[in-house]
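Please open the model in your viewer and keep the sequence panel at hand, since the stops below are given by chain and residue number.

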Amino acid sequence: MRDLKSISNESISDLVDGRLPEDECARVVRELLSDSEAQKTWYAYHVVGDVLRSAELAPSMRDLAFLERLEQRMADEPTRPRAVGEASDAVGIRVQQSANAAVFRWKMLAGMACTALVGVVGLSLWAQIGHRNDLQMARQAPAVPATVTAETGAGPMLRDARLDELMAAHRQLGGHSALQVPAGFLRNATYEGVAR
Amino acid sequence: MRQLSARSAGFFLVVLCGLMLHLSVRAQAPAVDMPLNAWLLRVHQAARQSVYTGTYVVSAGGSMASARIWHVCDGSQQLERVESLSGAPRAIFRRNDQVVTFFPQSRIAIAEVRESLGLFPSLLKSSDSSIGDFYRLKPLGVDRIAGFDADVFQLLPKDQMRYGYRVWSERKTGLIIQLQTVDLNGKVLEQSAFSELQLDAPVNVGKLAKSGSTDGYRVLRPDLQKTTADAHGWAMTKGVDGFKAMGCYQRPVASTVGSASGGQSTMQWVFSDGVATVSLFVEVYDGRRHVREGVTDMGGATHTLTRRLDDWWITAVGEVPSDTLHAFSVALERKK
């Protein structure tokens, strides 16, 4: 590549790789901002680096065209926002961007993740509010206590051993059912081992 | 013209009569209920008199258990052996109402008498049975279970205080080969069924009877004493619709193997509507152990409800909706 720029390709490469000392970095950034050819090289080096790391991270040239259009639009704005460098002389400032920030589908994924997070938090808050309402209702009308499920996928959880003993006792004596001998006794004999 | 109009009127009359007859048949069809007690007696007798072996599977509350069953009827005696195929190894041997549970790993056998097992034939024959006041029987058609043709019936509760049941009864014998407990919304809470069944199986009665021997086992006999609620100072202020007191016992509930609860005596008052059963347990309140009041879903159709009543701790257990347990717990009254 023919070197028509005020700064060498090596300096731009070192800037991209973060290998420049602080004072040198400030100088290269100042010169980069005033040299459009150098800016293209700087962008190309970033693309090369991205391609080397992952093809997915390599943006297309449309990004560059978009940047140019954005710059044009910003230049046309009557009140142009101040660039960061204008206030602080851009010394030592390195804007760190995520490696995948330029890929649209990653942004979409991030957006969906945020939406999902908002959904989960919202549901949780709603459930809490609902629970609070339930508690309030329970305080107002203590007719039937709330049900506590002692179930796990592996069968009834031994949450309260005493309850299981009473349940076993109920099954031993509680078979006063017309369906008891045909099916109830077999049912309990088969199933009561869980509680005994 | 007149002839035509008379003919038309006759035609419409015939159509109208046909339509009315059709509507009347449609209206009557769902209302045909089976005689409940006679049906219960049939399935009861079938279970007593049939000779069979099979594999029985119970699924309740997301968990399953299965067991191997041997059943014979030798004259007036019923012998039955149930060997667990899941969970802790155990075998239950039953000779009429005498039940022994064997735990082969700990070499412990629990021997008990289950009076309720002999209760129903006479109750079903007597006019005292009120099962028909609270359930109605509806035939649902035919199905095939474990290779056998079965008549399907629905036992529908007439109020909200009890669950319903769907029963698959083997066509020739009447033996129940599948049973579902169904909640008020029609959801199946638990199911018991033969996954494999051999009717009139060649069971060796002598060998089966020998398997009930407790030789080599330490036999525990739960100290169960008959009592009355009145003698313990308890009464029901208001009965729960359809449920009658079936018996009251005093027992150390911690009769289960390896229990850490000690042998504290507990009153157990048993109620039944003929199909569903509720036990009311009354213990002395202990603030260290009795900490949580409320309903617990024990899986399947079984619920428990705990409640403190002054110096007492009440636990209601039953295969009924939690509202029914609540009705029992608030109706219980201390008399002295």
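Helices (H or I, at least four residues) and strands (E, at least two) are DSSP runs, numbered from the N terminus. This is a predicted model, in which local features need pLDDT of at least 70 and side-chain atom pairs count only at pLDDT 80 or more, while totals for chains, interfaces and linings use all residues. Residues are numbered from 1 along each chain as its sequence is written, chains are lettered from A and ligands numbered from 1 in the order in which they are written, and side-chain values use heavy atoms, with hydrogens and water left out.

Select B:Val203 to begin, in the loop that joins strand E11 (188-199) to helix H5 (205-210) of chain B. B:Val203 is buried, at a relative accessible area of 17% (buried means under 20%, exposed over 50%, partly exposed in between, with a 1.4 Å probe and protein chains only). Now add the residues in contact with B:Val203 (heavy atoms within 4.5 Å), which, leaving aside neighbours within four places in sequence, are B:Val51, B:Tyr52, B:Thr53, B:Trp70, B:Val72 and B:Leu208. For B:Val72, 131 residues away along the chain, the C-alpha separation from B:Val203 is 7.1 Å.

Move next to chain A, whose secondary structure comprises eight helices and three strands, in the order α-α-α-α-α-α-β-β-β-α-α from the N terminus. Of its 196 residues, 32% count as buried.

Finally, select A:Leu70, which sits in helix H4 (residues 62-76) of chain A and is partly exposed, with a relative accessible area of 38%.
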